[in-house]
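This report describes one protein model, starting with its strands and then moving to selected residues and the whole chain. The sequence and structure are shown first.

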Amino acid sequence: MGIKGLVESGYLTSIPPEYVFPSNLNDLEAEEQVPTVDFSQLTSGTPDEKSKAIQAIGKACREWGFFMVINHSMPKRLMDEMLNVSERFFDLTEEEKKEYPGKELFDPIQCGTGFNNGQGKMFLWRDYLKIHVHPHFHAPHKPSGFRETSEEYSKKAREVVEELVKGISKSLEQEENYIHKKTDIESGLQLLVVNLYPPCPRPELVTGMPPHSDHGILTLLMQNDVSGLQILHNGKWVPVNPPPYSLLVNTGDQMEILTNGRYESVVHRVVVNSKATRITIGTGHGPPLDATVRPAAELLDTTENHHLQKYNGMKYRDYIELQQNNQLKGKSCLDRLRII
């Protein structure tokens with residue numbers, strides 16, 4: 001039974017001990033303003049507006065590893081439809097959802113609870129649906145409309161990410177297709193991950209997701225009107241409260257490796273609440289599974305004696321296995337590739 005089923009069963013009188021997660025929610029820095037990027041200025045603005053948007057992206061990647069995107073090309077209708085079909089997927093019976101157990105790490109459709117279906121003895125207040133949508137598209141056949149909506153949403157997400165990656169390339173003072181050429185992201189793995197965080201009677205005792213960084217290049221996220229994402233910035237947790245219909249973007253570990261640490265992946269976590277269900281739709285964008293991303297020679301810091309490569313490369317498939325088969329804890333996976 002998933003967390004949703006547990007909450008709705010009526011038998012939840014206390015938090016099962018395996019779900020109690022040690023954390024400190026008293027270290028927030030709520031005053032901080034999360035960076036915002038105007039997508040329309042990046043793609044169709046004047047030369048001056050485009051230059052400022054690229055500078056804003058670079059500053060956000062350098063200082064935060066995270067930014068919110070407004071005035072983007074993802075249709076509001078499609079965002080609403082994607083949230084609707086996602087909610088209806090989790091309304092399916094337990095038997096219907098058992099069609100996608102995701103017993104193997106790279107199964108193209110995986111439905112479960114916690115992290116990687118409880119592997120690593122990590123019990124999280126989260127149900128999820130994880131789908132491989134590119135380069136080969138997959139989708140569950142229920143509920144009606146899910147396949148068509150998720151395929152359209154995934155395609156639009158790739159289009160948004162393509163423009164953002166061009167902007168990131170330019171912010172690194174490279175030509176706009178630089179990261180595309182270095183990582184082959186256009187042919188790479190795209191994961192669609194739907195997260196459902198039901199309300200919890202004692203939210204301070206559990207966690208939706210523990211502190212971690214994402215394994216890919218870039219992650220695009222949207223949510224319903226319930227917040228819960230927090231990002232680690234200058235040693236403090238900053239809650240993210242995005243405006244309606246905005247998109248959230250964070251850099252992943254492959255971006256940190258490629259840029260040799262110039263643009264670090266952001267550590268983030270998810271907290272839950274006692275009143276409302278939070279739903280998020282994330283698309284993770286990475287290189288092809290058999291590709292190996294290494295620090296790019298053009299991005300090594302040549303000042304003084306800091307031109308050394310800071311990370312080893314690892315085949316992306318192996319990197320995902322390393323992260324998913326171990327306990328999520330900050331950047332513990334990326335730390336294994338650090339040289340200096």
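## Strand 5

Strand 5 is mostly covered, with eight of its eight residues buried. This is a predicted model. The side chains of strand 5 fall into two sets: Gln190, Leu192, Val194 and Leu196 point one way, while Leu191, Val193, Asn195 and Tyr197 point the other way. Both sets are buried.

Strand 5 covers residues 190–197 and runs antiparallel to strand 12, to which eight bridges join it. Strand 5 also pairs with strand 4, again in the antiparallel sense, over seven bridges. Within the pairing of strands 4 and 5, Leu129 has Val194 of strand 5 as its bridge partner.

## Strand 12 and its partners

Strand 12 spans residues 278–285, and seven of its eight residues are buried, so the rest of the structure largely encloses it. On the side of strand 5, the bridge partner of Val193 is Gly282 in strand 12. Leu192 has Thr283 of strand 12 as its bridge partner.

Strand 12 has a further antiparallel pairing with strand 7 (residues 218–223), made over six bridges. Here Met222 stands opposite Ile281 of strand 12. Strand 12 therefore pairs with strand 5 and with strand 7, and a residue counts toward its burial when its relative accessible area is under 20%.

## Strand 2 and its partners

Strand 2 consists of residues 66–70. Four of these five residues are buried, so strand 2 is largely enclosed by the rest of the structure. Strand 1 (residues 36–38) runs parallel to strand 2, and three bridges join the two. In this pairing the bridge partner of Thr36 is Met68 of strand 2.

Strand 2 is also joined to strand 10 (residues 247–251), in this case by four bridges and in the antiparallel sense. Val69 stands opposite Leu247 of strand 10.

## Leu124

Is Leu124, in the loop between strand 3 and strand 4, buried or exposed? Its relative accessible area is 0%, so Leu124 counts as buried. The strands on either side of this loop are strand 3 (109–113) and strand 4 (127–134).

Not counting residues up to four places away in sequence, Leu124 touches Ile3, Tyr19, Thr113, Gly114, Phe115, Thr207, Gly208, Met209 and Pro210. For one of these, Thr113, the C-alpha to C-alpha distance from Leu124 is 7.4 Å, at a separation of 11 residues in sequence.

## Gln323

Gln323 belongs to helix 9, which spans residues 316–324. The relative accessibility of Gln323 is 8%; this is why Gln323 counts as buried, the cut-off for burial being under 20%.

Leaving aside neighbours within four places in sequence, Gln323 is in contact with Phe115, Ser213, Asp214, His215, Leu328 and Cys333. Phe115 appears in this list and also among the residues that Leu124 touches.

## Glu87

Glu87 is found in helix 4, made up of residues 76–90. With a relative accessible area of 43%, Glu87 is partly exposed, a class that lies between the 20% limit for buried and the 50% limit for exposed.

Glu87 and Leu196 are 109 residues apart along the chain, and their C-alpha atoms are separated by 8.2 Å. Leu196 is one of the buried residues of strand 5.

## The whole chain

The protein contains 10 helices and 14 strands. Its radius of gyration is 19 Å, close to the 20 Å that the globule rule gives for 340 residues, so the protein is as compact as a globular protein of that length. Taken along the principal axes, the C-alpha atoms fill a box of roughly 60 × 40 × 40 Å.

Of the 340 residues, 54% count as buried. Among contacts in the protein with a separation of 6 or more, 79% are between residues 24 or more positions apart. The protein exposes about 15,400 Å², of which carbon and sulfur atoms supply 48%. There are 37 positive and 45 negative charges, and the mean positions of the two sets are 2 Å apart.

Technical notes:
Residues are numbered from 1 along each chain as its sequence is written. This is a predicted model: local features need pLDDT of at least 70, side-chain atom pairs count only at pLDDT 80 or more; totals for chains, interfaces and linings use all residues. Side-chain values use heavy atoms; hydrogens and water are left out. Buried means under 20% relative accessible area, exposed over 50%, partly exposed in between (1.4 Å probe, protein chains only). Contact means heavy atoms within 4.5 Å. The radius of gyration is taken over C-alpha atoms; the globule rule is 2.2 Å times the number of residues to the power 0.38. Accessible areas come from the Shrake-Rupley method with a 1.4 Å probe; for residues, only the protein chains shown count as cover. Lys and Arg count as positive and Asp and Glu as negative; His and the chain ends are not counted. The place of a charge is taken as NZ of Lys, CZ of Arg, CG of Asp or CD of Glu. Two strands pair if DSSP finds at least two bridges between them.
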